[in-house]
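Thank you all for coming. Please have a look at the sequence and the structure as I put them up, and then I will walk through a few places in it.

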Amino acid sequence: MKRAFDIIFSLGGILILSPFFILFWILIKSESKGNPVFKQLRVGKGNTDFSLYKFRTMYPDSQKSGSLTIGGRDPRITKVGYYLRKFKIDELPQLINVLKGDMSLVGPRPELRKFVEIYSQEQLKVLSVKPGITDYASIKYFNENEILGHSLNPEEDYTKIIMPEKLRLNIEYINDNTIFKDISIILKTIVRILIR
């Protein structure tokens, strides 16, 4: 039932939002060189890597200077990218990941391999399900970039404080998830974006 839900709503979302996809593509392309869609290897179900899609919000090759985005005004972020990130529009291409079966609409956010490698045995449980576009942790840490922007050691604070709490929330979701809970998380995510 969850897969059917994902297919129907991801396909519907792609069809409805396709004119905006074209608009965002043009805006990104007009501001900086490079492919408007950014692909990054993330870890999915079964501890396997897959290519996650996003609208590119940084200048080309910015990932070479660090994998975490620090603060709302990270200088690597383009002007268009700032607004795409602010309203989570950069995540919309992941509807394609959902349609392909790499991801679900709701589930633990997929991490980079470097962070998965330091998961505990208990935390590895998040890899037993498909990763998602949104989850409880995404709502709680909606302003994660701003939080890390005030940190003296962002990566250490992420791995020792934020990531463990996100994983705890993810495991809590895995232990008790229903289609109705997924709908609730999607609605709460939309509300959080609108009232930010």
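The largest cavity in this model, which I should say at once is a predicted one, has a volume of about 70 Å³, and if we count the cavities of 30 Å³ or more, the count comes to one. Its lining is made up of 13 residues, and those that lie nearest the centre of the cavity are Val43, Arg109, Pro110, Val126 and Leu127. Sorted by class, the lining of that largest cavity consists of nine nonpolar residues, three charged residues and one polar residue.

Let me turn now to the aromatic residues. The structure holds five aromatic pairs. In one of them, the ring centres of Phe5 and Phe9 are 4.6 Å apart and the planes meet at 40°, an angle between the limits of 30 and 60 degrees, so this pair counts as tilted. Both of these residues belong to helix 1, where Phe5 and Phe9 are four residues apart, or about one turn of the helix. In general, an α-helix has 3.6 residues a turn, so residues three or four places apart point the same way. How buried or exposed are the two partners, Phe5 and Phe9? Phe5 is buried, because its relative accessible area of 12% is under the 20% limit, whereas Phe9, at 47% relative accessibility, counts as partly exposed.

The pair of Phe24 and Phe55 has its ring centres 5.8 Å apart and its planes at 75°, which is over 60 degrees, so the pair is edge-to-face. This pair links distant parts of the chain, with Phe24 in helix 1 and Phe55 in strand 2, 31 residues apart. Both partners count as buried, Phe24 at 14% relative accessibility and Phe55 at 3%. Ring pairs also bring in Phe21, and together Phe21, Phe24 and Phe55 form a cluster.

Helix 2 is the last stop. Which residues of helix 2, which runs over residues 79–86, are buried? They are Val80, Gly81, Tyr82, Leu84 and Arg85, and what covers them includes helix 1, strand 2 and helix 6, the last of these spanning residues 144–149. After helix 2 comes Lys88, whose phi is positive, near 60°. Lys88 also lies over the face of Phe142, at 4.8 Å from the ring centre.

Key. Residues are numbered from 1 along each chain as its sequence is written. This is a predicted model: local features need pLDDT of at least 70, side-chain atom pairs count only at pLDDT 80 or more; totals for chains, interfaces and linings use all residues. Side-chain values use heavy atoms; hydrogens and water are left out. Buried means under 20% relative accessible area, exposed over 50%, partly exposed in between (1.4 Å probe, protein chains only). Helices (H or I, at least four residues) and strands (E, at least two) are DSSP runs, numbered from the N terminus. Contact means heavy atoms within 4.5 Å. On a 1 Å grid over the protein atoms alone, a cavity is a set of points where a 1.4 Å probe fits but cannot get out, and a pocket is an open set with protein on both sides within 12 Å along at least five of seven lines; lining residues have an atom within 4 Å of a point. Grid points are joined across faces, edges and corners, and a volume is the space filled by probe spheres set on the points. Ala, Val, Leu, Ile, Met, Phe, Trp, Tyr, Cys and Pro count as nonpolar, Asp, Glu, Lys and Arg as charged, and the others, Gly among them, as polar. Rings of Phe, Tyr and Trp (its six-membered ring) pair if their centres lie within 6.5 Å; planes under 30 degrees apart count as stacked, over 60 as edge-to-face and the rest as tilted. A charge sits over a ring if NZ of Lys or CZ of Arg is within 6 Å of the ring centre and within 35 degrees of the ring normal.
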